[in-house]
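Okay, thanks everyone. Let me pull up the model and walk you through the ligand site and the pockets.

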Amino acid sequence: MIELRSAAERDLDWIACLEAANFSGGCTREMLGKFILDSNRRVTVAMADGERAGYLIFSSVLDEGSVDSVCTAAGFRRRGAGDALMRAADAAAAELGLASVTLEVRASNAAAIALYGKHGYIYAGRRPGYYERPREDAVIMTKYFKEHGNDYTCS
Ligand SMILES: CC(C)(COP(=O)(O)OP(=O)(O)OC[C@H]1O[C@@H](n2cnc3c(N)ncnc32)[C@H](O)[C@@H]1OP(=O)(O)O)[C@@H](O)C(=O)NCCC(=O)NCCS
């Protein structure tokens, strides 16, 4: 069973370690320390049977949210932690009244793209060569929580 809680100081080494192992240019411990004190960010830890299984870094500005990072530790994958963390992103968006949540993902990251698609994120664009080590395009995906489009009518 997956349980979610807010990250605390004691989680920072573990999260920083996973960031370094999974993402080129991931967040450092110092950045994470600031994030857990930042009212515009939420860092959530998923616990499985009392052990840390994964985490989510979520931020928002005005009515736009961003999934900055989501990761499940290698030994806990395919057990529902990713789903639980994406539901936490939905809950944050609902609580904050956000219009949309956006994220970027490596174009080759089929597991993450499937996870985001399952949770209602749709293709919103591509940034060529966005990632380094190795260089790769970013796919941008967005989930809309409110109707979007042109609000203006021409008469
Ligand atoms: C992507 C990631 C977070 C998924 O976490 P997870 O805890 O294994 O995910 P879950 O067990 O909750 O699976 C949820 C859904 O994700 C998708 N998924 C997860 N792993 C998958 C895989 N290897 N292949 C295809 N789809 C996958 C599926 O849609 C799955 O739903 P289903 O079980 O109903 O098919 C995990 O693989 C990970 O941490 N990868 C490394 C870090 C990373 O790439 N993060 C995303 C950066 S943008």
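So, start with Arg78: one of its backbone N or O atoms lies 2.8 Å from an oxygen atom of the ligand. Keep in mind that this is a predicted model. Right next door, Arg79 also has a backbone N or O atom by a ligand oxygen, at 3.1 Å. Then there's Asn109, which uses its side chain instead: an N or O atom there is 2.6 Å from an oxygen of the ligand. As for cover, the ligand on its own exposes 910 Å², and the protein buries 75% of that.

Zooming out a bit, there are 21 residues around the ligand, and Val70, Thr72, Asp83, Asn109 and Lys118 come nearest. By class, that shell splits into 10 nonpolar, five polar and six charged. Which element gives the largest share of the shell? That's α4, with six residues. β4, α3 and β5 each put in at least two as well.

Now the pockets. The ligand sits in the largest one, which holds about 1200 Å³ of space. Its lining runs to 40 residues, with Phe23, Val70, Asn109, Ala112 and Tyr116 nearest the centre. For the lining, the largest share is from β4, at seven residues. You get 18 nonpolar, 11 polar and 11 charged there.

Last bit: the second largest pocket has a volume of about 210 Å³. It's lined by 15 residues, including Arg41 and Arg42, which are among those nearest its centre. β2, β3 and α3 each supply at least two of the lining residues, and by class we have nine nonpolar, two polar and four charged.

Definitions and conventions:
Residues are numbered from 1 along each chain as its sequence is written. This is a predicted model: local features need pLDDT of at least 70, side-chain atom pairs count only at pLDDT 80 or more; totals for chains, interfaces and linings use all residues. Side-chain values use heavy atoms; hydrogens and water are left out. A residue is near a molecule or strand if one of its heavy atoms lies within 4 Å of it. A polar contact is a pair of N or O atoms within 3.5 Å; within protein, one must be able to donate a hydrogen and the other to accept it, and residues adjacent in sequence count only if both atoms are side-chain atoms. Accessible areas come from the Shrake-Rupley method with a 1.4 Å probe; for residues, only the protein chains shown count as cover. On a 1 Å grid over the protein atoms alone, a cavity is a set of points where a 1.4 Å probe fits but cannot get out, and a pocket is an open set with protein on both sides within 12 Å along at least five of seven lines; lining residues have an atom within 4 Å of a point. A molecule sits in a cavity or pocket if more than half of its atoms lie within 2 Å of its grid points. Helices (H or I, at least four residues) and strands (E, at least two) are DSSP runs, numbered from the N terminus. Ala, Val, Leu, Ile, Met, Phe, Trp, Tyr, Cys and Pro count as nonpolar, Asp, Glu, Lys and Arg as charged, and the others, Gly among them, as polar. Grid points are joined across faces, edges and corners, and a volume is the space filled by probe spheres set on the points.
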